[in-house]
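Hi everyone, thanks for coming. Could you put the sequence and the model up on the screen for me, please?

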Amino acid sequence: SINMTGFVVDNSLFRIETRCYKTGGVIGGYTIRYYYNTSVSLTGATLIANRGVGSTNNWHNYTRRVFVVKADGSGSGTEVINVNTGYFTEYTTTQAPSLSNLALNWNSNPCYIICAVALNSDSDTFNCDYMSIVTY
């Protein structure tokens, strides 16, 4: 997770980047998810991006952009690619994706971006060794 407290303002754009890989197991599929929360916990967290990955991919670099119109959580001030659609990237889709507008309060102290991985096989193990936030 990355603490975003004080980094997000109105009309800001940032990119989340992660590099994740399997460390063992049967090489089953997995889903990488990014969440927003006011604690380092998935309890009560809001999904902001997800990507299902096939069983033959041991490494995965995942990037997603987030546009914040209103940082205080009013209205639907955070815009992301549809959270229910697992696009690999915003640039490789063959059609214009729909958007999700979320009411997230980036002024909360603290607030976090969390990367979590759901494994399809209980025997798999996984690691995310890189996570970065790039602001524009």
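I'll start with the whole chain and then go through a few of the strands.

A quick word on what we're looking at: this is a predicted model, where local features need pLDDT of at least 70, side-chain atom pairs count only at pLDDT 80 or more, and totals for chains, interfaces and linings use all residues. Residues are numbered from 1 along each chain as its sequence is written, and side-chain values use heavy atoms, with hydrogens and water left out.

So, what is the secondary structure of the protein chain? There are zero helices and nine strands; helices (H or I, at least four residues) and strands (E, at least two) are DSSP runs, numbered from the N terminus. The radius of gyration, taken over C-alpha atoms, is 15 Å, close to the 14 Å of the globule rule for 136 residues, so the chain is as compact as a globular protein of that length. That rule is 2.2 Å times the number of residues to the power 0.38. Of the 136 residues, 40% count as buried, meaning under 20% relative accessible area, with exposed over 50% and partly exposed in between (1.4 Å probe, protein chains only).

Now for an open sheet. Its four strands come in the order 1-8-3-4, with antiparallel pairing; two strands pair if DSSP finds at least two bridges between them. Strand 1 (2–3) and strand 4 (46–53) are at the edges with a single partner strand each, so one side of each has no neighbour in the sheet. Strand 1 joins strand 8 (residues 112–119) over two bridges, and there I2 has I113 as its bridge partner.

Let's move on to another pair. Strand 6 (residues 78–81) and strand 7 run antiparallel and are joined by four bridges, with E79 opposite N101. In a regular strand, side chains alternate between the two faces of the sheet. You can follow that along strand 7 (residues 99–102): S100 and L102 point to one face and are buried, whereas L99 and N101 point to the other and are not.

Last stop: T125, in strand 9 (residues 125–135). Where does L102 lie relative to T125? The two are 23 residues apart in sequence and 32 Å apart in space, C-alpha to C-alpha. Beyond its neighbours within four places in sequence, T125 is in contact with K22, T23, G24 and L119, contact being heavy atoms within 4.5 Å. T125 counts as partly exposed, at 38% relative accessibility.

That's my tour, thanks for listening!
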